[in-house]
Amino acid sequence: MTHIPSKRLPRSVARSVAGAAPRSGVVLAAVASLVAALGLGAVGEARAATPTVASAVGPSVASSVGPSAAGRWSDQPHGFASLAGGTTGGAGGKVVTVTDQASLARYAAAEEPYVIRVKGSVPVAPFGSDIVVASNKTIIGVGDTGEIVHGELHLNPGTHNVIIRNLTIRDSYVEGDWDGKTTDFDAIQMDTADHVWIDHNRFEHMADGLLDIRKDSQYITVSYNQFRDHNKAFGIGWTTDVRTQITIDHNWFTGTKQRNPSADNCAYAHLYNNYLSAQVSDGDPVWTYGNWSRGRTKMVIENSYYDGVQHPYQADATAELVQRGSILRNTTGRTDAWGTAFDPHAFYAYRLDPAAAVPALVTRFSGPQRQIGDAVTLHVPADHPTVQAAVDAVPDGNDLPVIVAIAPGVYRAKVYVPATKPNIVLQGTGRDRSDTVLVYDTPAAYGGSTGSATVRIAANDVTARHLTFSNDFDEAAVELSGEQALAMKTTGDRIVFEDTAFLGNQDTLMTDSPQLTTVSRVYIRDSYIEGDVDFVYGRATTVIEHSVIRALSRGSATNNGYITAASTWTGNPYGFLITGSRIVSDAPDGSFHLGRPWHPGGEPQAVAQVLIRDTELPAAIKAAPWTDMSGFSWKDARFAEYRNHGPGAVVTADRPQMSDEDARVHTVADYLRGTDGWAPSGHH
């Protein structure tokens, strides 16, 4: 883009325009409540800043809080797994997707951390074989269909920091061996492991046990799982020591006989909001039971629901069991309660659901959930020190959403999302878009227009929300031949910006495509864009809706700049659409253009198309708002207005107005539909 000299006074990174522009500074108050509402975990994920971050939320000031009605999909563990440093699984490692046993086994056993997505059904051979899981791993089912069949996940002694979520593990049952005496084919087995979170899985029809947590394993949380169609569901212990600390909540035991769970010599076993139903009824007077506090276990049971269960909860004489708030329906046998056990609140915060609500809640929310498996979340800086590091962790050819959750702070670094990494969501987790700022200060003189961009998005299907993108190069402080300074450049297709801000001067926002005849689409909503010269430009089909555009004064009484500089391919009927928005300006009346036609390199087939409709225009807009560029007449471009209002919306001979008939086929949906029916505006 041609450089236009400017001598504006230096400006701050953030401005305030009628409440629409980002607020200056970084707002830290009340972040925790919003993060929880977004399902992004506790405030502890926003750790102390690394050297690449100018400011960020400090260390956690509270323990992890258990899932709430709005936060049952949190990717942060609660209960005992959240203590003593917490459980982060494969956080900080690369994300991989596996569809076969060999890949699953290779990544699960690797020394380095991984987030391993299991896509579809993975059969394991030989029948009943172990998949060894090493430390620092997250294994998560994709959607709600990821499953491991005929195999076991096994954590050897010393394994630590493992998350297993959203999987079905099934069908290693040996016909005729209901008691599980001939094999040891569990769904998950661990010996002397620590910091393990087992969440939202379905375990059914295995041999021996479904879940065996053995030999002094510590800091374990087992939540929102289903234990089905089995004899021995869930055993804990097999040790004479008393070390295991375990939280067991919101699990559904149905069609099982015993060990629901059996807890042997646990230091602390906290069971709450579990649902036991449809217990196997085989007339066994002893080994058909619900919860059992064995050996020297201290067990607390709260607000659980037992329906049709023999011996709902029982305790050895050497153990302790405190029960409060549970509901028993059609039960028989033992309901032991003695001793004082312990106070779970002394270890972590949690919230109890009413016992009467447990059957409905647990049957709905337990087991694999699409809301969990549809996207993986990478936290910056808690898991990855920089935004770029998180982007780099996304696999090439990524076919499922990966959320890069960015904690509040000012991140002074460039970010590039290459074409090989689609389906990324860049998401600020602050209270306001100004809380999370991606900023750099490169002008075009140092690396060209593209090289100046603070953020570049070349991939398809990328969304950014609750963020500010800025190029704070101070054009008034230096004399350069190339002072263009992009905050954002996109070349990918199906790009969405929601509640974002773009701060700069010349060439603030470029929405482009890989080549002239390739149509890329960009949708910008509820956002803020500022600049002076050609600050919304490029050849992508771009819709700006319900947003504020601020045309900055360069100090001239006659010409302060140009809002748009479209270079739309002549074969593309849809270029830029600004609709339902406000254009504001501090420039003098009649000193700003709506746009001019940009023909990069003199390309005659780049014929601008811009429609501004149903938008408020300020007095700063010229009566003749379109102008020529580089020898190309604006009259040969496709410029139009429709039903604009405000002091700058006068109609003159130099302001083409679109007809009602044409306006009916120049809507947001028309611009974005393409050949694939893309309709991001329909989500609002």
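Q: Which residues does Ala263 touch, not counting residues up to four places away in sequence?
A: This is a predicted model, in which local features need pLDDT of at least 70, side-chain atom pairs count only at pLDDT 80 or more, and totals for chains, interfaces and linings use all residues. Residues are numbered from 1 along each chain as its sequence is written, and side-chain values use heavy atoms, with hydrogens and water left out. A contact means heavy atoms within 4.5 Å. With residues up to four places away in sequence set aside, Ala263 touches Ile236, Trp292, Ser293, Arg294, Thr297 and Met299.

Q: What separation do the C-alpha atoms of Ala263 and Met299 have?
A: Met299 is among the residues that Ala263 touches. The two residues lie 36 residues apart along the chain, and their C-alpha atoms are separated by 8.3 Å.

Q: Is Ala263 buried or exposed?
A: Ala263 is found in strand β19, residues 262-264; strands (E, at least two residues) and helices (H or I, at least four) are DSSP runs numbered from the N terminus. Buried means under 20% relative accessible area and exposed over 50%, with partly exposed in between (1.4 Å probe, protein chains only). The relative accessible area of Ala263 is 1%, and therefore this residue is buried.

Q: What percentage of the residues in the protein is buried?
A: The protein has eight helices and 49 strands. Of its 684 residues, the buried share is 60%.

Q: What share of the contacts with a separation of 6 or more comes from residues 24 or more positions apart?
A: Ala263 and Met299 form one contact of this kind, being 36 residues apart. Among contacts in the protein with a separation of 6 or more, residues 24 or more positions apart account for 71%.

Q: Which strands stand at the edges of the open sheet of ten strands?
A: Two strands pair if DSSP finds at least two bridges between them. The order is β2-β3-β6-β9-β12-β15-β17-β20-β23-β26, with parallel pairing. One side of each edge strand lacks a neighbour in the sheet because each has a single partner strand; these strands are β2 (94-98) and β26 (320-324).

Q: What is the average twist from one strand to the next in this sheet?
A: Axes are lines fitted to C-alpha atoms, for helices over the stretch in contact, and angles run from 0 to 180 degrees between N-to-C directions. From one strand to the next, the twist averages 10 degrees.

Q: Which residue of β9 is the bridge partner of Ile140?
A: Four bridges join β6 (residues 137-141) to β9 (residues 160-165), and these strands run parallel. In β9, Ile140 has as its bridge partner Arg165.
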